[in-house]
Amino acid sequence: MSPSLPSEEPIVTAADPVPSPSAPADSAVPAGPPELPAEQIQQWHRSGGELIDLLRRAHALGPVSLLQLGPKPTVLLTDPAGIQHVLALNPDRYPKRSHRARALLGDGVLTAAGELWKRQRRLLQSYFTVQGTRRFTSAMHDAARHIATQWSHSADSGQARDITADMRFYALDVIWRALTGHGATADTLRVLSALDVILTALPVLPPPDGHQPDLGEHLATIHHIVDAAIAEARGTATPPGGPALLHSLIRAADEQCWPGNLIRDEVMTLLVAGQETTANTLVWLFLLLGQHPDERDRALRAGPAGGADRNRAFQALVSETLRLYPVAWLLPRHATEDDVVAGHRVRAGTTVLVCPYLTHRDPALWPEPERFLPGRFTAGHDRPTRPGAYYPFGLGPRACLGAQFALREAATLLEYLLPAYAATPDAAPEDAAYGITISPATAVRATITRPEQPPVTRSCG
Ligand code: HEM
């Protein structure tokens, strides 16, 4: 897939050409970042390569680099201090523009800005803290049990499973249970298919002519089902065990007189932000464990089921997966003022592409960056701990709302599946697809077996 190029309104021309790195630098004004030659961009265009191929070339110039992708300059940023500067310390100077997602998510918390964003983030935040996500424990266990039952049947029959489909179903089932209080239905599965089409169609970066793919039919399918869920929640009492998210959204909307379709936008946001990201992370995790079965054994040996040591080991598996495959791999921002980022001048109007994928694989930061080494994340192992070296959930005020939810969700599924089953992929996909999220380029099928439980190793000391 050849990616589209960015062009965000308003079109701002870089009034002063950014000097090449070899140009004499004015001592008062830092030089612009090193620039990828135009011929390399044209060559990439002709080859129809993935955006990541071009970004890799730019990254080879340094942790801040410049590419003239469209009418406006684009800066690729992988430097930890620069990332901290843009995402965490100066988020108001580097807002999201969210063109890609607005057609899909309207004014939900992912795409909203200003006061509207603040109000929605405040409302949802309490559901997504470490403490807040506890209310979803039983939803996660019910959904995980369902997958474990399916894996048990496959282990009995010896037939390979589509674990991409499993992980997508699990992530949808969990978020649907969190929203509505009940599990995914046949209708909810239609949401999944429509979402799939939409997310595949959306360009990674905004297209130069502002043209958006026609998503009408698929959006209508999702809206119909989401609207029905909202109507049903309005007509039913709060579920036992406290309000499901949807009930809370409805209550807030009524009390605060939310405009038009904002409840629907918010539900769509949680479905989109919370489904594909977690599902792809889990698929990568099972793929990596299939290639490194010793890491599964090591995690199980770390301690008994339910204990802190085993939890930490499972957490390390997830963290290392997210290092290699930070599924939200590209975070675009818009520079509203002239600035200096990691020692380089960045002009107002520049698109800044913050790229966790390239930061996480930078050999200057991570030893043996291409290797799957979950031990990096257990105590006593060396890894860069400064902010901006590892940020699979973003940084700053717009960091992932659902990070704790996603981690709990992943850990719950691992508790059910890892001790009982091993998934051996039939064939590892050769490529990743770098779309809105990173996913294996093809669905992953795996044979499910019941290996011996490795003995728990007690550490003395
Ligand atoms: C492994 C799973 C996940 C990953 C890697 C992930 C990653 C991210 C990242 C990197 C951002 C920041 C985007 C940016 O700065 O431009 C983000 C934002 C967001 N995520 Fe997640 N996410 C995951 C799961 C979830 C889940 C489960 C939910 C909800 C249930 C969720 C809801 C959101 C929302 C609402 C935002 C927007 C926050 C805001 O702008 O205030 N995410 N996510």
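This dialogue goes through several features of a predicted model.

User: Where does the protein hold the iron atom of the ligand, and which donor does the protein give?

Analyst: Start from the metal and look for protein atoms around it. Here the iron atom of the ligand has a single donor from the protein, the SG atom of Cys-400, at 2.3 Å. Cys-400 sits in the loop between H14 and H15.

User: What is the volume of the largest pocket, and which residues lie nearest its centre?

Analyst: A pocket is read by its volume and then by its lining. The volume of the largest pocket is about 500 Å³. Its lining is made of 22 residues, and those nearest the centre are Asp-196, Thr-200, Ala-433, Ser-439 and Pro-440. Two or more lining residues come from each of these elements: helices H7 (163–180), H8 (186–201) and H11 (262–291), and strands S9 (432–434) and S10 (438–440).

User: Which element gives the largest share of that lining, and how many residues are nonpolar, polar or charged?

Analyst: H11 gives the largest share, with four residues. By residue class, the lining of the largest pocket has 11 nonpolar, seven polar and four charged residues.

User: How many aromatic pairs are there, and how is one of them read?

Analyst: Rings count as a pair if their centres lie within 6.5 Å, and planes that are neither under 30 degrees nor over 60 degrees apart make the pair tilted. The count for this model is 11 aromatic pairs. In one of them, the ring centres of Trp-366 and Phe-377 are 6.1 Å apart and the planes are at 35°, so this pair is tilted. Both residues lie in the loop between helix H14 (356–360) and helix H15 (403–417), so the pair ties together parts 11 residues apart in sequence. Trp-366 and Phe-377 are both buried.

User: Which rings form a cluster through ring pairs?

Analyst: Phe-128, Phe-136 and Phe-405 are linked into a cluster by ring pairs.

User: Which arginines lie over the face of a ring?

Analyst: Trp-366 comes up again here. Arg-323 lies over the face of Trp-366, 5.3 Å from the ring centre. Likewise, Arg-361 lies over the face of Tyr-325, at 5.2 Å from the ring centre.

User: Which residues have a positive phi without being glycine?

Analyst: Most residues other than glycine have a negative phi. Among the exceptions, Cys-257 has a positive phi of about 50°. Cys-257 is in the loop between helix H10 (245–256) and H11. With a relative accessibility of 62%, Cys-257 counts as exposed. Glu-368 is another case, with phi near 45°. This glutamate belongs to the loop between H14 and H15, and at 44% relative accessibility Glu-368 counts as partly exposed.

User: How far apart are Tyr-416 and Ala-144 in sequence and in space?

Analyst: Compare the separation along the chain with the C-alpha to C-alpha distance. Tyr-416 and Ala-144 are 272 residues apart in sequence, while their C-alpha atoms are 6.6 Å apart. Tyr-416 is in helix H15 and is partly exposed, at 22% relative accessible area.

User: What does the comparison give for Phe-393 and Ala-328?

Analyst: Phe-393 and Ala-328 are 65 residues apart in sequence and 7.7 Å apart from C-alpha to C-alpha. Phe-393 lies in the loop between H14 and H15. Its relative accessible area is 24%, so Phe-393 is partly exposed.

Conventions:
Residues are numbered from 1 along each chain as its sequence is written. This is a predicted model: local features need pLDDT of at least 70, side-chain atom pairs count only at pLDDT 80 or more; totals for chains, interfaces and linings use all residues. Side-chain values use heavy atoms; hydrogens and water are left out. On a 1 Å grid over the protein atoms alone, a cavity is a set of points where a 1.4 Å probe fits but cannot get out, and a pocket is an open set with protein on both sides within 12 Å along at least five of seven lines; lining residues have an atom within 4 Å of a point. Grid points are joined across faces, edges and corners, and a volume is the space filled by probe spheres set on the points. Ala, Val, Leu, Ile, Met, Phe, Trp, Tyr, Cys and Pro count as nonpolar, Asp, Glu, Lys and Arg as charged, and the others, Gly among them, as polar. Rings of Phe, Tyr and Trp (its six-membered ring) pair if their centres lie within 6.5 Å; planes under 30 degrees apart count as stacked, over 60 as edge-to-face and the rest as tilted. Buried means under 20% relative accessible area, exposed over 50%, partly exposed in between (1.4 Å probe, protein chains only). A charge sits over a ring if NZ of Lys or CZ of Arg is within 6 Å of the ring centre and within 35 degrees of the ring normal. Donors are N, O and S atoms within 2.8 Å of the metal (3.2 Å for Na, K and Ca); water is not among the atoms, so sites may look incomplete.
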